[in-house]
Amino acid sequence: MSRTLIITNDFPPRAGGIESFVHELALRRPEGSVVVYCSSPAAADRAGDPHFDVRQPFPIVRDGAGVLLPTPRVAERARVIAGLEGCDSVLYGAAAPLGLLAPALRSVARRQVAITHGHETGWTVVPGAGAALRGIGSSVDTVTYLGEYTRRRLARSLSPAATARMRRLAPGVDTGRFRPGAGGEAVRARLGLGGRPVVVCVSRMVPRKGQDTLIRAWPRVLKDVPDAALLLVGDGPYASRLRSAAEGVESVYFTGPVRAEELPAHYDAGDVFAMPCRTRRGGLDVEGLGMVYLEASATGLPVVAGASGGAPDAVLEGETGHVVDGSLPGPTARALIRLLKDPDRATLMGARGREWVGREWTWDRTLDRLESLLSDS
């Protein structure tokens with residue numbers, strides 16, 4: 001059987017969108033066809049799930065380093081692992097910077113595929129980084145992209161030949177996990193939310209995601225929908241600042257960190273999903289796609305997304321939700337008020353979103369594309 005070595009810094013038990021994407025790809029590949037070589041998790045992540053590695057149905061080789069870099073040492077170890085495990089293809093969980101290993105691994109890898117997300121688009125505007133990205137594109141067989149926005153941005157740095165070899169590879173959504181009735185009533189009961197209208201945001205807490213915009217918009221929402229509640233799900237380096245910003249703002253609830261298996265229930269606790277992300281640092285910090293919007297749609301919720309990077313690709317404007325300027329509280333508040341005050345329309349948008357995700361964003365489609373990329377001669 002052909003086997004693939006996945007080389008990545010982004011892997012559970014560390015939480016995040018890239019981590020989930022790469023993990024799902026590994027889990028859904030045929031049994032015996034995957035080996036993972038990755039960095040060591042931080043102590044806090046390891047403590048949260050100390051037995052993660054042994055529970056996986058594929059081998060995981062953890063490097064002693066907290067971050068894998070494209071160094072001769074890492075390249076040599078990857079060659080040894082590929083040889084011992086019989087791997088004849090390589091999948092880079094994030095193209096930058098580990099795709100720079102590609103020339104050193106060409107002797108053992110028949111195919112090399114580099115996945116891109118959002119952060120690689122930032123490389124296109126940094127002197128030197130764009131040249132590195134161009135080298136990656138010329139060294140691997142395929143650079144993938146999430147959607148049209150990321151394709152256009154990446155093409156600025158890639159050679160014409162590498163651009164022609166680009167292929168779309170976006171995560172899928174498990175509509176059996178993310179669905180209406182996934183346990184939201186229990187979450188509401190535990191938090192004392194009862195039957196109140198709830199706006200939920202499920203996301204890592206970093207400045208780009210826009211939870212602070214939701215907090216700033218919330219007093220305006222409460223003027224029109226006094227019994228509404230804002231539920232902020234997740235954790236991250238921005239959490240303490242968000243909690244401070246919410247002091248004195250009524251009806252804002254923080255869950256803290258939530259395990260992956262409990263996320264569907266937290267989506268289901270909401271009536272509207274909102275994450276008004278925004279682009280930061282002159283385009284260096286941008287949303288690649290925003291799988292949370294698609295998971296919310298699968299759960300039957302209308303969504304309010306920020307107009308950052310590829311986030312609009314995850315929304316059918318006016319059909320499954322709305323795209324707003326996430327840097328300002330006003331547009332976010334107006335979109336939320338419209339949805340909360342018209343629950344029939346919100347329900348129709350949620351149903352349309354679930355239908356769209358079930359048709360266009362399946363894991364079967366993603367895995368078929370990946371298999372084609374890894375098997376092309």
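Here, a residue is called partly exposed when its relative accessible area falls between the buried class, under 20%, and the exposed class, over 50%. Glu360, with a relative accessible area of 29%, is therefore partly exposed. Keep in mind that this is a predicted model. Below is a quick look at its aromatic pairs, helix 1 and some of its salt bridges.

**Aromatic rings**

- The structure has seven aromatic pairs.
- One of them joins Phe11 and Phe52, which sit edge-to-face with 6.1 Å between centres and 75 degrees between planes.
- Phe11 is in the loop between strand 1 (4-8) and helix 1 (17-28), while Phe52 is in the loop between helix 2 (43-48) and strand 3 (60-62), so this pair ties together parts 41 residues apart in sequence.
- Both Phe11 and Phe52 are buried.
- Phe273 and Tyr293 also make an edge-to-face pair, at 6.0 Å centre to centre and 85 degrees between the planes.
- Since Phe273 belongs to strand 11 (residues 272-275) and Tyr293 to helix 13 (residues 291-298), that pair ties together parts 20 residues apart in sequence.
- Phe273 and Tyr293 are both buried, and they join Phe178 and Tyr267 in one aromatic cluster.
- Over at Trp361, the charged end of Arg168 sits over the ring, 4.9 Å from its centre.

**Helix 1**

- Helix 1 has 12 residues, which at 1.5 Å a residue should span 16 Å, and its end C-alpha atoms are indeed 16 Å apart.
- Its buried residues are Glu19, Phe21, Val22, His23, Leu25 and Ala26.
- Among the elements covering those buried residues are strand 1, strand 2 (34-38), strand 4 (89-92) and helix 16 (363-375).
- Within helix 1, Arg28 and Glu24 are four residues apart, so about one helical turn separates them.
- Arg28 and Glu24 form a salt bridge, with their closest N and O atoms 2.8 Å apart.
- Arg28 itself is partly exposed, at 31% relative accessibility.

**More salt bridges**

- The salt bridge count for the structure is 29.
- Arg14 and Glu19 meet in one of them, at 3.0 Å from N to O.
- The two partners sit in different settings: Arg14 is partly exposed at 37% relative accessibility, whereas Glu19 is buried, with a relative accessible area of 4%.
- Back to Glu360: this residue forms a salt bridge with Arg365, the closest N and O atoms being 3.0 Å apart.
- Arg365 counts as partly exposed too, at 33% relative accessibility.
- Glu360 and Arg365 belong to a network of salt bridges that also links Glu319, Arg352, Glu355 and Arg359.

Conventions: Residues are numbered from 1 along each chain as its sequence is written. This is a predicted model: local features need pLDDT of at least 70, side-chain atom pairs count only at pLDDT 80 or more; totals for chains, interfaces and linings use all residues. Side-chain values use heavy atoms; hydrogens and water are left out. Rings of Phe, Tyr and Trp (its six-membered ring) pair if their centres lie within 6.5 Å; planes under 30 degrees apart count as stacked, over 60 as edge-to-face and the rest as tilted. Helices (H or I, at least four residues) and strands (E, at least two) are DSSP runs, numbered from the N terminus. Buried means under 20% relative accessible area, exposed over 50%, partly exposed in between (1.4 Å probe, protein chains only). A charge sits over a ring if NZ of Lys or CZ of Arg is within 6 Å of the ring centre and within 35 degrees of the ring normal. The expected span of a helix is 1.5 Å times one less than its number of residues. Contact means heavy atoms within 4.5 Å. A salt bridge is a side-chain nitrogen of Lys or Arg within 4 Å of a carboxyl oxygen of Asp or Glu.
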